[in-house]
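Here is a short tour for anyone opening this structure for the first time. Take a look around, then read on.

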Amino acid sequence: MQQGAKPLEGILVLDFSQFLSGPSAALRLADMGARVIKIEKPDTGDICRTLYISNLELDGDSTLFHSINRNKESYAADLKNKAQLEQIQRLIRQADVMIQNFRPGVMERLGLHYEQVKEWNPRLVYGQISGYGNDGPWKDKPGQDLLVQSVSGLAWLNGAESQPPLPLGLAVVDMAAGAHLVQGILAGLYRRGITGNGCHIEVSLLDSILDFQFTELTAFLNGGGVPIRSRVNHAHVYRPAPYGVYKTADGYLALASGSVPELGLLFGCDDLAKFVGEDSWYEDKEAINAIIAEHLAEAPTVKWLELLESGGFECAEVLTWESLHQEAAFQDLDMIQTVYLGSGAALNTTRCPIRFDNTIYKAPKGSPKIGEDNESINQWLEATFI
């Protein structure tokens with residue numbers, strides 16, 4: 001690899017996936033230098049093009065699609081058309097990685113399942129995401145983020161005891177599965193470098209979100225008891241007080257652990273001094289949290305931050321995205337980049353969060369139109385296909 005080159009330059013990825021999980025994995029590979037060709041249906045393309053998380057649209061497609069498919073090329077092909085499928089086969093023979101997240105059985109019907117494509121390209125690392133795995137009674141259930149959050153127990157962990165189960169306000173299942181698939185693909189590429197052989201990488205949404213909860217599940221499986229959501233300032237089913245988000249006179253403050261009696265001394269609050277033993281911080285966390293909440297509501301956030309930080313307590317102001325953008329720490333991250341579509345339209349979005357040799361990776365190429373790169377890819381195939 002040339003000095004200054006991205007680590008995955010020279011790697012060709014075919015992204016057959018839709019929605020978020022698979023495309024997010026392909027996006028991360030693109031961020032690290034891989035050439036990613038997105039295989040789409042003619043006319044309609046990835047369903048995510050019309051999947052909106054707001055009413056925002058850019059150049060005819062949703063901003064959700066643009067944010068997760070930047071830095072890719074698009075090749076439109078009808079996989080049921082013999083001639084177009086033959087072109088796809090030619091691409092697969094050239095590829096290093098192939099990603100798909102169709103329901104079980106779809107790629108088998110198309111003849112693009114791993115057992116088939118490895119005959120064309122034994123060095124191919126084939127990445128697959130399913131909802132609940134390829135076997136078992138749930139294999140045909142829809143692999144949708146909210147549904148998987150719900151059946152996995154994650155939604156049940158959130159919210160106070162008086163509230164219904166509360167899912168996270170973002171597609172955490174899809175993002176976790178995409179990240180796990182990237183890990184598996186990189187391991188597959190590494191092993192291929194040793195053995196010369198490709199492999200089949202499988203991730204399910206349910207597997208990924210269960211792993212996301214592994215510390216809490218481990219506690220439950222080893223006698224930690226049934227997790228109970230707190231009535232007051234719930235933030236974690238197993239952590240003792242003080243732990244949670246508390247309202248102040250002008251905002252909110254997060255407080256993450258520490259000695260309850262020492263907190264009482266710092267606050268000048270005698271009611272906290274009686275909770276001496278650490279066992280009581282678990283057993284009486286409802287009462288402790290109620291006292292802390294009442295105390296913190298009496299003054300503004302900045303006062304409590306100064307006091308708590310001086311006392312060695314871990315704490316932070318709860319920021320909105322708007323207020324976060326005003327922080328010097330956020331500016332120093334240089335986390336935002338602008339990408340440009342072929343039409344010239346611009347989109348502000350996040351960059352790759354991974355630094356390589358202290359280098360920040362940004363790429364100005366936005367997401368493609370459906371089939372935008374068919375001509376150039378066909379020409380490349382004619383010139384390079386053996």
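What follows is a walk through a few strands, some ring pairs, a cavity and a glycine.

**Strand E6 and its partners**

Keep in mind that this is a predicted model. A good place to start is strand E6, which covers residues 97–100. Which side chains cover its two faces? On one side sit Val97 and Ile99, on the other Met98 and Gln100, and all of them are buried. That fits a simple rule: in a regular strand, side chains alternate between the two faces of the sheet.

E6 has company. Strand E1 (residues 12–15) runs parallel to E6, and three bridges join the two. In that pairing, Val13 stands opposite Val97. Strand E7 (residues 125–130) also pairs with E6 in the parallel sense, this time over four bridges. There, Met98 of E6 has Tyr126 of E7 standing opposite.

**A three-stranded open sheet**

Further along the chain comes another bit of strand pairing. Three strands form an open sheet in the order E9-E10-E11, and here the pairing is antiparallel. Strand E9 (243–247) and strand E11 (315–317) stand at the edges; each has a single partner strand, so one side of each is left without a neighbour in the sheet. On average, neighbouring strands of this sheet are turned by 20 degrees against each other, direction ignored.

How many bridges link E9 to strand E10 (residues 252–256)? The antiparallel pairing of these two runs over five bridges. Within it, Lys247 stands opposite Tyr252 of E10.

**Rings that meet**

Now for the aromatic side chains. The count of aromatic pairs comes to three. Two of them are set out here, among them Tyr132 with Trp138.

| Pair | Centre to centre | Angle between planes | Arrangement |
|---|---|---|---|
| Tyr132 and Trp138 | 5.6 Å | 80 degrees | edge-to-face |
| Phe267 and Trp304 | 5.1 Å | 65 degrees | edge-to-face |

Why does the pair of Phe267 and Trp304 count as edge-to-face? Its planes stand at 65 degrees, and the label applies to planes over 60 degrees apart. Phe267 belongs to helix H11 (residues 260–267) and Trp304 to helix H15 (residues 301–310), so this pair ties together parts that are 37 residues apart in sequence.

Are these rings buried or exposed? Phe267 has 9% relative accessibility and counts as buried, and Trp304, at 3%, counts as buried too. In the other pair, Tyr132 is buried at 9% relative accessibility, whereas Trp138 is partly exposed with a relative accessible area of 39%. The cut-off behind these words is that buried means under 20%.

**A cavity inside**

Rolling a probe the size of a water molecule over the atoms shows where empty space is left. In this structure there is one cavity of 30 Å³ or more. How much space lies in the largest cavity? The figure is about 40 Å³. Its lining includes Ser230, Asn233, His234, His236, Arg239, Tyr243, Lys285 and Asn289. Sorted by kind, the lining residues are four nonpolar, five polar and two charged.

**A glycine on the outside**

Last stop: Gly193, which has its place in helix H8 (residues 172–195). Gly193 counts as exposed because its relative accessibility is 67%, and exposed means over 50%. Compare its position with that of Thr50: their C-alpha atoms are separated by 39 Å, and the two residues lie 143 residues apart along the chain.

Methods: Residues are numbered from 1 along each chain as its sequence is written. This is a predicted model: local features need pLDDT of at least 70, side-chain atom pairs count only at pLDDT 80 or more; totals for chains, interfaces and linings use all residues. Side-chain values use heavy atoms; hydrogens and water are left out. On a 1 Å grid over the protein atoms alone, a cavity is a set of points where a 1.4 Å probe fits but cannot get out, and a pocket is an open set with protein on both sides within 12 Å along at least five of seven lines; lining residues have an atom within 4 Å of a point. Grid points are joined across faces, edges and corners, and a volume is the space filled by probe spheres set on the points. Ala, Val, Leu, Ile, Met, Phe, Trp, Tyr, Cys and Pro count as nonpolar, Asp, Glu, Lys and Arg as charged, and the others, Gly among them, as polar. Buried means under 20% relative accessible area, exposed over 50%, partly exposed in between (1.4 Å probe, protein chains only). Two strands pair if DSSP finds at least two bridges between them. Axes are lines fitted to C-alpha atoms, for helices over the stretch in contact, and angles run from 0 to 180 degrees between N-to-C directions. Rings of Phe, Tyr and Trp (its six-membered ring) pair if their centres lie within 6.5 Å; planes under 30 degrees apart count as stacked, over 60 as edge-to-face and the rest as tilted.
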